[in-house]
Amino acid sequence: MALISVDYEVFGKVQGVFFRKHTQAEGRQLGLVGWVRNTERGTVQGQVQGPAAAVRQLQQWLRDTGSPKSRIDRAEFRNEKKVATVQYEDFLIRK
């Protein structure tokens with residue numbers, strides 16, 4: 001099973017709408033690990049690691065779904081790479 005790591009940033013109305021909490025829940029449900037946080041410029045960013053198929057599902061969720069009250073303008077994904085093992089034990093919300 002190929003493991004990958006991807007950095008992401010989501011633009012739009014993604015702060016103050018429980019976006020981080022929903023991202024954490026979605027990531028955990030898919031069996032992924034990583035982190036998510038708000039940025040000072042009003043975006044949400046983070047890193048996700050896990051099986052490629054599950055990472056693709058979270059990428060689609062970040063691009064198209066998000067939290068119920070959010071409005072996603074766009075999602076950017078960078079630094080995708082294969083990893084031998086995941087670096088995190090859980091999917092965390094960082095302050």
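## A walk from Q45 to helix α1

Start by selecting Q45, which touches Y8, E9, W35, V36, R37 and T39, leaving aside residues up to four places away in sequence. What you have open is a predicted model.

**Stop 1: Q45 and its strand.** Colour residues 44-51 and you have strand β3, the home of Q45. Is Q45 buried or exposed? Its relative accessible area is 16%, and buried means under 20%, so Q45 counts as buried. Now show side chains: that of Q45 makes a polar contact with the side chain of R37, at 2.5 Å.

**Stop 2: across to β2.** Stay on R37, which stands opposite Q45 in β3. Add β2, residues 33-38, to the view. How do β2 and β3 run relative to each other, parallel or antiparallel? They are antiparallel, and six bridges join them. While you look along these strands, keep in mind that side chains in a regular strand alternate between the two faces of the sheet.

Next, follow the chain round the hairpin of β2 and β3, where five residues sit between the strands. Pick out G42 there: its phi is positive, near 85 degrees.

**Stop 3: the other partner of your view.** Select β5, residues 91-93. β2 and β5 pair in the parallel sense, over three bridges. To find a matching pair of positions, click G34, which stands opposite F91 in β5.

**Stop 4: helix α1.** Move to residues 19-29, which form α1. Which residues of this helix are buried? They are F19, T23, Q24 and G27. Turn the view to look down the helix axis: these buried residues fall within an arc of 135 degrees, so they line one face of α1. The spacing helps here: an α-helix has 3.6 residues a turn, so residues three or four places apart point the same way. On the face turned away from the buried side, select K21 and Q29, which are exposed.

What do the buried residues of α1 pack against? Show β1 (3-13), β2, β3, α2 (52-64), β4 (71-83) and β5, and you have the elements they pack against. Then step just past the helix to G31, which follows α1 and has a positive phi near 80 degrees.

**Last stop: the whole domain.** Zoom out and select residues 5-95, the span that an unreviewed UniProt entry annotates as "domain: Acylphosphatase-like". This span is 26% helix and 43% strand. Put a distance label between its end C-alpha atoms: they lie 21 Å apart.

Note on methods: Residues are numbered from 1 along each chain as its sequence is written. This is a predicted model: local features need pLDDT of at least 70, side-chain atom pairs count only at pLDDT 80 or more; totals for chains, interfaces and linings use all residues. Side-chain values use heavy atoms; hydrogens and water are left out. UniProt positions are given in the numbering used here, feature names are shortened, and annotations may be inferred rather than shown by experiment. Helices (H or I, at least four residues) and strands (E, at least two) are DSSP runs, numbered from the N terminus. Buried means under 20% relative accessible area, exposed over 50%, partly exposed in between (1.4 Å probe, protein chains only). A polar contact is a pair of N or O atoms within 3.5 Å; within protein, one must be able to donate a hydrogen and the other to accept it, and residues adjacent in sequence count only if both atoms are side-chain atoms. Contact means heavy atoms within 4.5 Å. The arc is that of the directions from the helix axis to the C-beta atoms. Two strands pair if DSSP finds at least two bridges between them.
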